[in-house]
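Visitor: Please put the structure on view and let me ask about it piece by piece.

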Amino acid sequence: MEQLPNYSNREAHEIDYRIYGEEMQYVEVELDPQEGVIAESGSFMMMDDGIKMDTIFGDGSQKDTGFLGKILGAGKRILTGESLFMTAFYNDYTGKRNVSFASPYPGKIIPIDLTEFGGKFICQKDAFLCAAKGVSIGIEFSKKLGRGLFGGEGFIMQKLEGDGMAFVHAGGTMAEKTLAAGEILRVDTGCIVGFTQGIDYDIEFVKGIKNSIFGGEGLFFARLQGPGKVYIQSLPFSRLAGRVLASAPRSGGKDRGEGSILGGIGDLLDGDNRF
């Protein structure tokens, strides 16, 4: 049996939080004096007077000590498609101060207490929102060729490690599944938000020629096997962007129905009731 880390001497700051909203959520983090939180660039929403903002290389965790450690930490973020820098927010005030971070598109913010998951959580590359100062944001390489090529997430996912709180974002509605040992869940490859370290993640070919060619669901499923916890999103950003792009006006400023044989009648039949 795997030994869980000892969290009697915590490295990450112990932050309090509250999540607001339904479809477009934001998380408000309460910081005691000298406490801090790190966040992705562009996720900041608002902060009280007395909060100090600092741009840092990497994630500012204990693993990034020294110049070489900072360079390696920043390099890991390049591999996940993120910026070289992260933003840290510290409470320089004598009392409690609040700082808030917003979700990038409609969905849910998921609080992750890393102490409950053995100090490690694996998520898709763009899921991370913010975390307590001291949490390490690294990379998780896929050791399976099929998963890397066809899994929808590539060979690299994000890895959150430490003993503090982290927050990730899921598009649409979020489903939380707890899998028993040996229990299998098949998921669309783009709908995975993240999972705990006990989950075995692989890809599986869709069975049946008709299903593969005409099913419209792609050629592969993500196959997740327990034990552990899995978070699934109903609306991946790639799917949302694809629908918006498909409905965007074509060249010349005309939308999908304009200029066709049916013209306005075609728009009405297609559910477009604009006048």
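Guide: Two residues are in contact when heavy atoms lie within 4.5 Å. The model is predicted, so local features need pLDDT of at least 70, side-chain atom pairs count only at pLDDT 80 or more, and totals for chains, interfaces and linings use all residues. Residues are numbered from 1 along each chain as its sequence is written, and side-chain values use heavy atoms, with hydrogens and water left out.

Visitor: How many helices and strands are there in the protein chain?

Guide: Helices (H or I, at least four residues) and strands (E, at least two) are DSSP runs, numbered from the N terminus. By that count the protein chain has five helices and 19 strands.

Visitor: What percentage of the residues in the protein chain is buried?

Guide: Buried means under 20% relative accessible area, exposed means over 50%, and partly exposed lies in between, with a 1.4 Å probe and protein chains only. The protein chain has 275 residues, and the buried share of them is 42%.

Visitor: Among contacts between residues at least 6 apart in sequence, what share joins residues at least 24 apart?

Guide: The starting set is the contacts in the protein chain between residues at least 6 apart in sequence. Of these, the share that joins residues at least 24 apart is 77%.

Visitor: Which residues is Val187 in contact with, leaving aside its neighbours within four places in sequence?

Guide: Val187 belongs to strand 15. Its relative accessible area is 8%, so Val187 is buried. Ile232 is 45 residues away along the chain, yet the two C-alpha atoms are 8.1 Å apart. Beyond its neighbours within four places, Val187 is in contact with Ile192, Phe221, Ala222, Leu224 and Ile232.

Visitor: Which residue in strand 18 stands opposite Ile184?

Guide: Two strands pair if DSSP finds at least two bridges between them. Strand 15 and strand 18 (residues 220–225) run antiparallel and are joined by five bridges. Opposite Ile184, in strand 18, stands Gln225.

Visitor: Which strands stand at the edges of the open sheet of three strands?

Guide: This open sheet has antiparallel pairing and the order 15-18-17. Each edge strand has a single partner strand, so one side is left without a neighbour in the sheet; these are strand 15 (184–188) and strand 17 (200–205).

Visitor: By how many degrees are neighbouring strands of this sheet turned against each other on average?

Guide: Axes are lines fitted to C-alpha atoms, for helices over the stretch in contact, and angles run from 0 to 180 degrees between N-to-C directions. For this sheet direction is ignored, and the average turn between neighbouring strands is 30°.

Visitor: Which residue in strand 19 is the bridge partner of Gly194?

Guide: All five residues of strand 16 (residues 192–196) are buried. Strand 9 (residues 120–123) runs antiparallel to strand 16 and is joined to it by three bridges, with Cys123 opposite Gly194. Strand 16 also pairs with strand 19 (residues 228–233) in the antiparallel sense over three bridges. There, the bridge partner of Gly194 is Tyr231.

Visitor: How many aromatic pairs does the structure hold?

Guide: Rings of Phe, Tyr and Trp (its six-membered ring) pair if their centres lie within 6.5 Å; planes under 30 degrees apart count as stacked, over 60 as edge-to-face and the rest as tilted. The number of such pairs in the structure is seven.

Visitor: How far apart in sequence are the parts that the pair of Tyr17 and Phe167 ties together?

Guide: Tyr17 and Phe167 form an edge-to-face pair, at 5.0 Å centre to centre and 75° between the planes. Tyr17 lies in strand 1 (residues 16–20) and Phe167 in strand 13 (residues 165–171), so the parts tied together are apart in sequence by 150 residues.

Visitor: Is Phe167 buried or exposed?

Guide: Tyr17, at 36% relative accessibility, counts as partly exposed. Phe167 has 0% relative accessibility, so it counts as buried.

Visitor: Which residues do ring pairs link into a cluster?

Guide: Phe44 and Phe89 form a stacked pair, 5.4 Å centre to centre with 15° between the planes. Phe44 is in strand 4 (residues 44–47) and Phe89 in strand 6 (residues 85–91), so the pair ties together parts 45 residues apart in sequence. The cluster linked by ring pairs consists of Phe44, Phe89 and Phe101.

Visitor: Where is the place of Gln34?

Guide: Gln34 is not a glycine, although it has a positive phi of about 75°. With a relative accessible area of 54%, Gln34 is exposed. Its place is in the loop between strand 2 (26–31) and strand 3 (36–39).
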